[in-house]
Amino acid sequence: MRFGATANEARTLTRRARVLVPRGSELIFAIRRRPTRIGTQVVGLRYEGREQRALGVQPGAILELRRDFGNFYDPNAIAAMYHGNQIGFLGRAVARLIAPELDAGFGFEALVSGVSREPYLSIRIEISSGR
């Protein structure tokens, strides 16, 4: 029994799904396609002196997104890099979407869309697929 269904119920659901979705490969492709743009904030700016490294970030700057495989707190962690320095991370929800794509070799571009310095530094970015 998997997901609370017996083998017979699972077969019945599979048959019904095939009737509803005759071309399953097209559905899978549509599900796997990610949004073309994702807006989010860089998190963790206030830790380990990252805020000082990020002071020069201006709207229009490009951030590099790099997987952080050694992150103890999040297995999908993606670091936001500015001029080779880590300034923060993508939030967990966004990282969960993008990490498998980065691991598969797909590139992403992170464009800084806004910077707020009051009451503390906040960086908003727009992520789009690079290739």
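## Surface and burial

In this predicted model, the chain puts about 9000 Å² on show, and 54% of that comes from carbon and sulfur atoms. As for what is tucked away, 32% of the 131 residues count as buried.

## Overall layout

The chain has four helices and six strands. Walking along from the N terminus, you meet them in the order α-α-β-α-β-β-β-α-β-β.

How do the contacts spread along the sequence? Take the contacts between residues at least 6 apart in sequence: 56% of them join residues at least 24 apart.

## Strand β3, buried on both faces

Strand β3 covers residues 78-82, and five of its five residues are buried. Which way do the side chains go? I78, A80 and Y82 point one way, while A79 and M81 point the other way. Both sets are buried, so to speak from either side of the strand: under 20% relative accessible area is the cut-off here.

β3 also has a strand partner in β2 and another in β4. With β2 (residues 62-67), the pairing is antiparallel and runs over four bridges. With β4 (residues 85-90), the pairing is again antiparallel, over four bridges.

## The β3-β4 hairpin

β3 and β4 make a hairpin, with two residues between them. One residue to look at in the turn is H83, which has a positive phi of about 50°. Back in the paired part, A79 of β3 sits opposite F89 in β4.

A79 turns up on the other side of the pairing too: it is the bridge partner of R66 in β2. A bit further along that β2-β3 pairing, R67 stands opposite I78.

## Strand β2, one face in and one face out

What about β2: which of its side chains are buried? Here the side chains alternate, with L63, L65 and R67 pointing to one face and buried. I62, E64 and R66 point to the other face and are not buried. R67 is worth a second look when you have the model open: this arginine is on the buried face, and its opposite number in β3 is I78, itself buried.

β2 has a further partner in β5 (residues 108-116), again antiparallel, this time over two bridges. In that pairing, I62 has L111 of β5 as its bridge partner. So much for the neighbors of β2: β3 through four bridges and β5 through two bridges.

Definitions and conventions
Residues are numbered from 1 along each chain as its sequence is written. This is a predicted model: local features need pLDDT of at least 70, side-chain atom pairs count only at pLDDT 80 or more; totals for chains, interfaces and linings use all residues. Side-chain values use heavy atoms; hydrogens and water are left out. Buried means under 20% relative accessible area, exposed over 50%, partly exposed in between (1.4 Å probe, protein chains only). Contact means heavy atoms within 4.5 Å. Accessible areas come from the Shrake-Rupley method with a 1.4 Å probe; for residues, only the protein chains shown count as cover. Two strands pair if DSSP finds at least two bridges between them.
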